[in-house]
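Please look at the sequence and the structure below, which will be read here from one residue outward to the whole chain.

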Amino acid sequence: MTSPRNILVLHGPNLNLLGSREPKHYGLATLESINQRLVQRALQAGVVLAHYQSNVEGELVNRIQQAARDGVDFIIINPAAYTHTSIAMRDALAAVAIPFVEVHLSNVYAREKFRHKSYFTDLAVGIVSGFGGKGYELALEYALQSTANGGDT
Ligand code: DQA
């Protein structure tokens with residue numbers, strides 16, 4: 001069993017606004033700076049890392065399906081508001097059966113009740129929530145150390 005070599009980071013709706021969007025919840029880091037750090041770390045580890053953001057549910061579903069064709073072996077995903085609504089994205093992740101970590105910048109469990117429900121968590125290898133942009137880096141560190149089937153590090 002080998003560590004993931006081909007990682008996809010997916011960002012859901014409104015995350016393109018990071019840096020200016022509700023900084024008390026999401027911090028001041030821009031999506032570009034978060035992605036840059038992930039790309040750098042992946043490069044250092046000799047791993048291919050692609051990232052994709054969309055505000056459109058169907059586009060995210062398409063990107064998850066494409067991940068299987070591209071040979072992606074680990075996904076880091078912040079489904080943003082679709083966390084709480086999207087059976088379509090959940091089904092896509094179940095269909096491709098690629099292990100994934102669910103990331104949220106804010107601590108969703110310290111916020112409104114509607115954010116406590118996730119359509120993803122029970123399928124995820126794990127969840128990182130409440131550490132701002134660092135959460136993606138923590139998820140990547142896990143991915144770099146984990147086995148491709150989502151097993152123990
Ligand atoms: C979020 C939390 C969601 O509830 C919210 O809709 C988002 C971002 C987070 O990263 O904290 O857009 O996923």
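In this predicted model, Asp73 is buried and yet takes part in no salt bridge, since the nearest side chain of opposite charge, that of Arg5, is 6.7 Å away. A salt bridge would need a side-chain nitrogen of Lys or Arg within 4 Å of a carboxyl oxygen of Asp or Glu, and the separation of 6.7 Å between Asp73 and Arg5 does not meet that cut-off. Arg5 is nevertheless a partner of Asp73 in another way, for the backbone nitrogen of Arg5 lies 3.1 Å from a polar atom of the Asp73 side chain. As for its place along the chain, Asp73 sits in the loop that runs between helix 3, residues 57-70, and strand 3, residues 74-78.

Helix 3 and strand 3 belong to a protein with five helices and five strands, and from the N terminus on these elements follow one another in the order β-α-α-β-α-β-α-β-β-α. The radius of gyration is 14 Å, close to the 15 Å that the globule rule gives for 153 residues, so the protein is as compact as a globular protein of that length. Measured out along its principal axes, the C-alpha trace spans about 40 × 30 × 25 Å.

Within this fold, 45% of the 153 residues count as buried, and Asp73 is one of the buried residues. Among the contacts with a separation of 6 or more, 75% are made by residues 24 or more positions apart. Towards the outside, the protein exposes about 7,400 Å², and carbon and sulfur atoms supply 53% of that area.

Technical notes. Residues numbered from 1 in each chain as written. Predicted model: local features only at pLDDT ≥ 70, side-chain atom pairs only at ≥ 80, totals over all residues. Heavy atoms only, no water. Helix = DSSP H or I, 4+ residues; strand = E, 2+ residues; numbered from the N terminus. Buried < 20%, exposed > 50% of the residue type's maximum accessible area, 1.4 Å probe, protein only. Lys, Arg positive; Asp, Glu negative; His and termini not counted. Polar contact = N/O pair within 3.5 Å; in protein donor to acceptor, adjacent residues only side chain to side chain. Rg over C-alpha atoms; globule rule 2.2 N^0.38 Å. Contact = heavy atoms within 4.5 Å. Areas by Shrake-Rupley, 256 points an atom, 1.4 Å probe, with all protein chains shown as cover.
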